[in-house]
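Here are my comments on the model, set out as numbered points for a colleague who will want to check each one against the coordinates. Please read them with the structure open beside the text.

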Amino acid sequence: MEQLKVELPKNVTDAITAAVFDTFKTAQKTSTNDWPLYLSKKQTCKYLNISNKTLNEWIATGDIPYKHIGKTYRFNRNDLDKFMATK
C-alpha cells in the first residue's frame, strides 16, 4: 500500500501548532490540581459544569456522593470524578 504524503503551507502548520499549544495551556489552567480536594456546592457545580438545581436533585435522590455537616455540604473531588465516570 502506497503512503500519501501531504505538504501543508507553513502558515497552516504554524496555525495548527499554535492551536495545539493554546489547547494545552488551557488544559493546564483547568487542571484538577487547581481544585481543592473538598468542594462546596458552588464549586461542585462549577467543577461538574452543572446547575445548582441539578446538584440539589442529585443530593435529594442520593445519587451523588457528599458529606453533610450541619448546614454545609462538601463533595470529595475524587468521588465526584468516579461518580461522573458512571453517568
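1. Burial and surface. Of the 87 residues in the protein chain, 18% are buried, and this is a predicted model, which should be kept in mind throughout. The accessible surface of the protein chain amounts to about 7,100 Å², and carbon and sulfur atoms account for 55% of that surface.

2. Overall layout. The protein chain contains four helices and three strands, and, read from the N terminus, its elements follow the order α-β-α-α-β-β-α. If one takes the contacts between residues at least 6 apart in sequence, 44% of them join residues at least 24 apart.

3. The sheet. The three strands form an open sheet with the order 1-3-2 and antiparallel pairing. Strand 1 and strand 2 (67–69) each have a single partner strand and stand at the edges, so one side of each lacks a neighbour in the sheet. Two bridges pair strand 1 with strand 3 (residues 72–76) in the antiparallel sense, and Y38 has N76 in strand 3 as its bridge partner. Strand 2 is joined to strand 3 by three bridges, again with the strands running antiparallel, and here H68 has Y73 in strand 3 as its bridge partner.

4. The hairpin and its backbone. Strand 2 and strand 3 form a hairpin with two residues between the strands, in which G70 takes a positive phi near 65 degrees. A second positive phi to look at belongs to N49, where the value is near 60 degrees although the residue is not glycine. Most residues other than glycine have a negative phi. N49 lies in the loop between helix 2 and helix 3 (52–61), and this residue counts as exposed because its relative accessible area is 71%.

5. The loop after strand 1. S40 sits in the loop between strand 1 (38–39) and helix 2 (41–48). Is S40 buried or exposed? With a relative accessibility of 18%, S40 counts as buried, because the cut-off for that class is under 20%. Leaving aside residues up to four places away in sequence, S40 touches Y73, R74 and F75; Y73 is also the residue in strand 3 that serves as bridge partner of H68.

6. Helix 4 and F83. Helix 4 (residues 77–85) lies across strand 1 and strand 3, and it runs at about 70 degrees to strand 3. F83 belongs to helix 4 and is buried, with a relative accessible area of 9%. Which residues does F83 touch, if those up to four places away in sequence are not counted? The contacts are with W58, D63, I64 and P65. For I64 the separation from F83 is 19 residues in sequence, while the C-alpha to C-alpha distance is 6.8 Å.

7. Salt bridges. The count of salt bridges comes to two. In one of them the side chains of E7 and K5 meet, with an N to O distance of 3.6 Å; E7 counts as exposed because its relative accessibility is 65%, and K5 likewise counts as exposed at 68%. In the other, K10 and D14 have their closest N and O atoms 2.9 Å apart. These two residues are four apart in helix 1, so about one helical turn separates K10 from D14. K10 is exposed, with a relative accessible area of 60%, whereas D14 is partly exposed at 38%.

8. A nonpolar patch. L4, V6, L8, V12, I16, V20 and F24 form a nonpolar patch on the surface, and together these residues have about 700 Å² of accessible area. One member of the patch, I16, lies in helix 1 (residues 10–29), and I16 counts as partly exposed because its relative accessibility is 45%. A colleague using the model may wish to view this patch alongside the salt bridge between K10 and D14, since K10 and D14 also lie in helix 1.

Note on methods:
Residues numbered from 1 in each chain as written. Predicted model: local features only at pLDDT ≥ 70, side-chain atom pairs only at ≥ 80, totals over all residues. Heavy atoms only, no water. Buried < 20%, exposed > 50% of the residue type's maximum accessible area, 1.4 Å probe, protein only. Contact = heavy atoms within 4.5 Å. Patch = residues over 30% accessible without salt bridge, like charges linked within 9 Å, V, L, I, M, F, W, Y side chains within 5 Å. Areas by Shrake-Rupley, 256 points an atom, 1.4 Å probe, with all protein chains shown as cover. Salt bridge = Lys/Arg side-chain N within 4 Å of Asp/Glu carboxyl O. Pairing = 2+ DSSP bridges. Axes fitted to C-alpha atoms, helices over the stretch in contact; angles between N-to-C directions.
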